[in-house]
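Let us walk through this model together, following the charged side chains and then the cysteines. Keep the structure open beside the text as you read.

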Amino acid sequence: MKAFVQTEYLDDRQWSDLWSAALQRATPFDPLMVDEINVIIPIPEHSGVLIFTDKQLYHSDENGLTVLNRFSSAHRFPLYKDSHRTLNALGCGTHYKTPWLCPFFALLPLEDTRRTIWINPLKIAETKQTDSRCFLKLSDGPTFVLPLLQRSVRLHAANTCYALALMRRDLFRFVKKADTPLAYLELPNTPFARLLAKRPLLSQFTHPITAFTRHYTKVTFLSRYENLEEEPQEINWSLW
């Protein structure tokens, strides 16, 4: 990766002309117009986020987690609070770095989900560590500076890919019979993906088949039951 200059990367903690140019190109976020999200990044010194996809750049005045909850509701994907509890119960997440999941892609939060960058690990082309800063280049998009060290990005990206493979195995096991997480991931031909393919975590499943769906069913049932018992008037019945 070539040397960086400030005009060539987006930093969610520092405003630059690149941010101005990106905001001018961005269109309002419509969850039904989006198939897959590559990156969600907070806008420095402003409220809201930019949402990068393969086809279009979007803007929202909401934070990243709210954007993802809208996206989940629009497409009937698992809500983050439910998949978060499920993955933590399975030992596949941490308090701050539990991925957002749907059957088609996953997003890794780098910090506290109230304000953080969300990254699709399968869209990362490569990363570079320069002193204490980690830079990340998308396969088809801009470069970002991250608040984590490069080794942490690789570790959490592998955890996110494992969680995605775990969900996919449960959902697609009748059409795809495979024994390893890698078999359920369509890894691109990028330097970062080639490193991911070597991670021991992705060489074998450490959870039995249906582990994700069983825990997810339990979590969602208990969550809905608690709402029904305590505050039935607050339930969004359109999600049932």
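A good place to begin is Asp 54, which is partly exposed, with a relative accessible area of 42%. Please keep in mind that you are looking at a predicted model. Which residue does the side chain of Asp 54 meet in a salt bridge? The partner is Lys 123, with N and O 2.9 Å apart. Lys 123 has a relative accessibility of 17%, and because buried means under 20%, Lys 123 counts as buried.

Now trace where these two residues sit. Asp 54 belongs to the loop between strand S4 (49-52) and strand S5 (57-60), while Lys 123 is found in the loop between S8 and strand S9 (124-130). The two are 69 residues apart, and their pairing links distant parts of the chain.

This salt bridge has company: the structure holds nine of them. Another one joins Arg 115 to Asp 12, and here the closest N and O atoms are 3.4 Å apart. Why does this pair tie together parts that are 103 residues apart in sequence? The reason lies in the two loops: Arg 115 is in the one between strand S7 (106-109) and strand S8 (118-119), and Asp 12 is in the one between strand S1 (9-10) and helix H1 (17-25). As for accessibility, Arg 115 is partly exposed at 42%, whereas Asp 12 is buried at 2%.

Stay with these two residues a moment longer, as they are part of a network of salt bridges. Arg 13 and Glu 111 are linked in that network along with Asp 12 and Arg 115.

For a further example, turn to Lys 81 and Asp 82, whose side chains meet in a salt bridge with an N to O distance of 3.3 Å. Is Asp 82 buried or exposed? Asp 82 counts as buried, at 0% relative accessibility. Lys 81, by contrast, is partly exposed at 37%.

Finally, let us look at the cysteines. A disulfide is a covalent bond between the sulfur atoms of two cysteines. How many disulfides does the structure hold? The count is zero. Two cysteines to find in your viewer are Cys 102 and Cys 161. Cys 102 is buried, at 0% relative accessibility, and Cys 161 is buried too, with a relative accessible area of 1%.

Notes: Residues numbered from 1 in each chain as written. Predicted model: local features only at pLDDT ≥ 70, side-chain atom pairs only at ≥ 80, totals over all residues. Heavy atoms only, no water. Salt bridge = Lys/Arg side-chain N within 4 Å of Asp/Glu carboxyl O. Helix = DSSP H or I, 4+ residues; strand = E, 2+ residues; numbered from the N terminus. Buried < 20%, exposed > 50% of the residue type's maximum accessible area, 1.4 Å probe, protein only. Disulfide = S-S within 2.5 Å.
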